[in-house]
Amino acid sequence: MSGQVLIEPAQLQQAMTAEPIVVIDTRDPGAYANGHIPGAINLREIFTYLATSDHEGLEAMQHKFAEAFGAAGLSGKETAVVYEDTMNTGFGQSCRGYFLLKYLGYPKAKVLHGGYQAWVNAGLPITTEPTLPTPAQFPLACEPGAVMVDKDEMLAALNDPSVIKLDVRDVDEWIATSSSPYGPDFCPRKGRIPGARWLEWYRLMKPADEGSIFKARDEVLAECQTVGIHPHSRVYVYCFKGARASNTFLALKEAGVHDVKIYFGSWNEWSRDPALPIEEGFPAS
């Protein structure tokens with residue numbers, strides 16, 4: 001299989017007959033029950049799990065998902081392919097699964113480009129039969145992958161002009177009229193991390209016959225240039241809980257922006273610590 005992270009539906013169908021693949025469906029159980037890719041395993045917690053970036057929070061997350069991915073049948077020999085419904089309707093949940101696998105050090109992980117709707121639109125088979133996976137011992141790495149920054153690292157970056165702090169949340173969160181996708185007052189504070197630049201995550205995708213897909217490399221780089229991001233930039237991305245940031249992380253990495261990390265605790269964590277600075281109200285510029 002190619003080294004690219006994004007895999008097209010026809011490529012996935014062919015690979016499933018030629019090599020060990022574990023397909024992971026991140027949608028809610030009802031959507032999964034109504035139809036899914038044959039052999040796919042439903043793992044909704046990829047999207048719903050809320051993490052903090054302190055030592056205890058990250059350790060708990062590592063053990064949680066090492067157990068969950070092992071129960072899904074990932075031993076290190078298989079390629080994990082994660083999907084959601086479409087790339088722009090699940091808040092980046094398939095990319096969050098990819099990011100978690102990279103953080104845990106899993107060697108082979110991909111995202112189905114266009115998601116389930118692209119698979120259906122390609123006329124490929126679906127099923128309502130649940131998959132019973134064969135559990136495996138997940139190969140948790142001794143050291144996490146270097147793809148994440150914690151709260152302290154994000155705080156230190158506020159005074160480091162060489163790091164671009166990138167907010168990719170929806171517009172109502174950016175302008176501080178809402179605290180989260182879960183509701184305006186889900187978090188105790190509304191606003192932004194000081195000095196952050198805004199590139200709404202939707203801007204890196206475009207409509208296609210098979211549903212929403214990522215823009216081409218040069219299109220992504222053109223969007224990035226509007227906020228001063230270039231292939232050589234250092235970028236720390238955040239959103240509410242790391243899902244939309246994971247979507248942006250993958251888009252930037254695929255476009256050749258090499259030094260990208262996610263502040264995974266994101267606004268859900270940052271806003272709950274009153275000692276951390278925020279910018280409130282409508283953005284000044």
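Which residues are exposed on the other side of H9? In this predicted model, the place to start is the opposite face of that helix. The buried residues of helix H9, which spans residues 217-225, are Val-220, Leu-221, Glu-223 and Cys-224. They cover an arc of only 160° around the axis, which puts them on the same side of H9. The exposed residues on the other side of H9 are Asp-218 and Gln-225. As a bit of background, an α-helix has 3.6 residues a turn, so residues three or four places apart point the same way.

Helix H9 also takes part in a salt bridge. The side chain of Glu-219 meets that of Lys-206, with 2.9 Å from N to O. This pair links distant parts of the chain, as Lys-206 sits in strand S9 (residues 205-206) and Glu-219 in helix H9, 13 residues apart. Neither partner is tucked away: Lys-206 is partly exposed, with a relative accessible area of 29%, and Glu-219 counts as partly exposed at 35% relative accessibility. Elsewhere, Asp-160, Arg-234 and Asp-259 are joined into one network by salt bridges that share partners.

Searching the whole structure turns up 14 salt bridges. In general terms, side chains of opposite charge can pair when their charged atoms come close. Arg-244 is a handy residue to follow here, since its side chain meets two acidic ones, Asp-170 and Glu-173. With Asp-170, the salt bridge spans 3.1 Å from N to O. Asp-170 lies in the loop between S7 and H8, while Arg-244 is in helix H10, so this pair ties together parts that are 74 residues apart in sequence. With Glu-173, the N to O distance is 2.7 Å. That pair, too, links distant parts of the chain, with Glu-173 in helix H8 and Arg-244 in helix H10, 71 residues apart.

What about burial at this spot? Arg-244 is buried, with a relative accessible area of 2%. Asp-170 is buried as well, at 13%; the cut-off for that label is under 20% relative accessible area. Glu-173 and Arg-244 are both buried.

Next comes strand S11, which covers residues 234-238. Four of its five residues are buried, so the strand is largely enclosed by the rest of the structure. Strand S11 has partners in S7 and S12. Five bridges join S11 to strand S7 (residues 163-167), and the two run parallel. Four bridges join S11 to strand S12 (residues 259-263), again running parallel. To get from S11 to S12, the chain crosses through helix H10 (residues 243-254), and this β-α-β crossover is right-handed. Helix H10 is also where Arg-244 sits, so to speak on the route between these two strands.

Val-235 gives a close-up of the pairing. This residue is found in strand S11 and counts as buried, at 0% relative accessibility. Opposite Val-235 stands Ile-164. The C-alpha atoms of Val-235 and Ile-164 are separated by 4.8 Å, although the residues are 71 apart along the chain. In S12, Val-235 has Val-260 as its bridge partner.

Another part of the fold is an open sheet of five strands. Its order is S1-S5-S4-S2-S3, and the pairing is parallel. The edge strands are S1 (6-7) and S3 (41-42), each of which pairs on one side only. Edge strand S3 is joined to strand S2 (residues 21-25) by two bridges, and these strands run parallel. Within this pairing, Asp-25 stands opposite Asn-42 in S3.

Finally, there is a greasy spot on the outside. Leu-50, Tyr-182 and Phe-186 make a nonpolar surface patch of about 270 Å². Of these, Tyr-182 is placed in the loop between helix H8 (171-174) and strand S8 (197-198). Tyr-182 counts as partly exposed, at 43% relative accessibility.

Conventions: Residues numbered from 1 in each chain as written. Predicted model: local features only at pLDDT ≥ 70, side-chain atom pairs only at ≥ 80, totals over all residues. Heavy atoms only, no water. Patch = residues over 30% accessible without salt bridge, like charges linked within 9 Å, V, L, I, M, F, W, Y side chains within 5 Å. Areas by Shrake-Rupley, 256 points an atom, 1.4 Å probe, with all protein chains shown as cover. Salt bridge = Lys/Arg side-chain N within 4 Å of Asp/Glu carboxyl O. Buried < 20%, exposed > 50% of the residue type's maximum accessible area, 1.4 Å probe, protein only. Pairing = 2+ DSSP bridges. Right-handed = clockwise from strand over helix to strand, strands pointing away. Arc of directions from axis to C-beta.
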